[in-house]
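User: Could you walk me through how to read a few features of a protein model? I would like the general idea each time, and then the case at hand.

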Amino acid sequence: MPAALRACRDCKFITTSRDRCENCGSTSLTQSFYGMIIILDEERSEIARDLGIRKKGAYAVRVA
């Protein structure tokens, strides 16, 4: 069975961890999120720059 995806309420990073965000260390994770942005090259991505993302990975568009 695949692990459930969770989004961090603080930085919107999407992770499979149940306890802690791998990006910012927050423990405020939720399964209620909408949309996904995948950043492959955080240095050249205009979207990453506009959203303040500094690490590649998957991010939620909106977190509930």
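**Reading the sheet and its surroundings**

Analyst: Happy to! Let's start with the sheet: 3 strands form an open sheet in the order 2-1-3, with antiparallel pairing. Strand 2 (14–15) and strand 3 are the edge strands, each pairing on one side only. Keep in mind that this is a predicted model.

User: How many bridges join strand 1 to strand 2?

Analyst: Two strands count as paired if there are at least two bridges between them. Here strand 1 (residues 6–8) and strand 2 run antiparallel and are joined by 2 bridges. Arg6 belongs to strand 1, and it stands opposite Thr15 in strand 2.

User: Which side chain of opposite charge is nearest to Arg6?

Analyst: For a salt bridge, the cut-off between the side-chain nitrogen and the carboxyl oxygen is 4 Å. For Arg6 the nearest candidate is Asp19, at 7.8 Å, so under that cut-off Arg6 has no salt bridge, although it is buried. Beyond its sequence neighbours within four places, Arg6 is in contact with residues including Phe13, Thr15, Arg18, Leu29 and Thr30.

User: Where does the structure have a salt bridge, then?

Analyst: The structure holds 1 salt bridge. Asp41 forms it with Arg44, and their closest N and O atoms are 3.8 Å apart. As for accessibility, Asp41 is partly exposed at 32%, while Arg44 is exposed, with a relative accessible area of 72%.

User: Let's move to Thr30. Is Thr30 buried or exposed?

Analyst: The cut-off for buried is under 20% relative accessible area. Thr30 has 8%, so it counts as buried. Thr30 is found in strand 3 (residues 29–30).

User: What does the side chain of Thr30 reach?

Analyst: Look for polar partners, then for the wider contacts. The side chain of Thr30 reaches the backbone nitrogen of Ser32 at 3.0 Å, and it makes a polar contact with the side chain of Arg9 at 3.4 Å. Leaving out residues up to four places away in sequence, Thr30 touches Leu5, Arg6, Ala7, Arg9, Val63 and Ala64.

User: And which residues make up the largest nonpolar core?

Analyst: Think of a core as buried nonpolar residues joined through side-chain atoms. The largest one has 8 residues: Cys8, Phe13, Cys21, Leu29, Ile39, Ala48, Ile53 and Tyr59. A second, separate core has 5 residues, among them Ala7, Ile14, Ala58 and Ala60. Back in the largest core, Ile39 touches Ser45, Ile47, Ala48, Ile53, Lys56, Gly57 and Tyr59, not counting residues up to four places away in sequence.

Note on methods
Residues numbered from 1 in each chain as written. Predicted model: local features only at pLDDT ≥ 70, side-chain atom pairs only at ≥ 80, totals over all residues. Heavy atoms only, no water. Helix = DSSP H or I, 4+ residues; strand = E, 2+ residues; numbered from the N terminus. Buried < 20%, exposed > 50% of the residue type's maximum accessible area, 1.4 Å probe, protein only. Polar contact = N/O pair within 3.5 Å; in protein donor to acceptor, adjacent residues only side chain to side chain. Contact = heavy atoms within 4.5 Å. Lys, Arg positive; Asp, Glu negative; His and termini not counted. Core = buried A, V, L, I, M, F, W, Y, C linked by side-chain atoms within 4.5 Å.
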